[in-house]
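Student: I should like a close look at one part of this model, namely its salt bridges. Please set out which residues pair, where they lie and how accessible they are.

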Amino acid sequence: MGKTHTNPFTKEQIERLQISPYVKSISPSTIRFTEEFKKYFYQKHKAGTSARSIFIECGIDPDVLGQKRIDGFCYTLNKYAKREEGFSDNRQHNYRHPPNDGDITVENRVKQLEHELAYTRQEVEFLKKLQMADMEARKQWESKHQPK
């Protein structure tokens with residue numbers, strides 16, 4: 001989610017929320033929950049328990065989260081449930097945001113760069129195919145619309 005949330009968490013709210021064992025990470029605009037919590041939440045919600053009740057049961061104040069975040073969380077959770085990867089958060093593997101720890105090992109940096117290279121190669125192949133499809137479409141259009 002690249003946009004800033006319209007209702008950012010206060011410093012006090014962040015401090016209270018990050019105590020929860022179900023919160024993986026939190027910033028003023030974003031909260032991420034653990035994979036275990038996502039699975040638990042999904043099962044309870046699917047069984048008919050309201051989202052607010054589940055958050056309250058787990059010690060998370062739904063009023064602090066706000067209805068917009070709760071709705072977004074439920075929507076995303078339903079999408080994740082259909083994915084092959086399930087509820088795991090794959091965003092940490094994004095090469096565009098390397099880990100913050102300054103003491104990254106050479107081996108990990110090499111893995112990161114290999115991942116970035118493979119991703120870049122996929123992008124290039126996609127762009128080549130896109131360009132070829134565009135050229136083909138132009139040829140077809142021109143052949144149909146040439147003056148006779």
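Tutor: Glu-35 is a suitable starting point: this residue is partly exposed, its relative accessible area being 31%. The model is a predicted one, and the pairs discussed here belong to a total of six salt bridges. Glu-35 pairs with Lys-39, and their closest N and O atoms lie 3.6 Å apart. Both residues belong to helix α2 (residues 35-46); because they are four residues apart there, about one helical turn separates them. Lys-39 is likewise partly exposed, with a relative accessible area of 40%.

A second pair joins Arg-52 to Asp-63, with 2.8 Å between the closest N and O atoms. Arg-52 is located in helix α3 (residues 51-57) and Asp-63 in helix α4 (residues 62-65), so this salt bridge ties together parts that are eleven residues apart in sequence. Arg-52 has a relative accessible area of 34% and is partly exposed. Asp-63 has a value of 56% and counts as exposed, because the class begins over 50%.

A further salt bridge is formed by the side chains of Glu-125 and Lys-128, at 3.4 Å from N to O. These two residues are both in helix α6 (residues 106-144), where a spacing of three residues corresponds to about one turn of the helix. Glu-125 is partly exposed at 40% relative accessible area, and Lys-128 is partly exposed at 45%.

As to why such pairs arise, side chains of opposite charge can pair when their charged atoms come close.

Note on methods: Residues are numbered from 1 along each chain as its sequence is written. This is a predicted model: local features need pLDDT of at least 70, side-chain atom pairs count only at pLDDT 80 or more; totals for chains, interfaces and linings use all residues. Side-chain values use heavy atoms; hydrogens and water are left out. A salt bridge is a side-chain nitrogen of Lys or Arg within 4 Å of a carboxyl oxygen of Asp or Glu. Buried means under 20% relative accessible area, exposed over 50%, partly exposed in between (1.4 Å probe, protein chains only).
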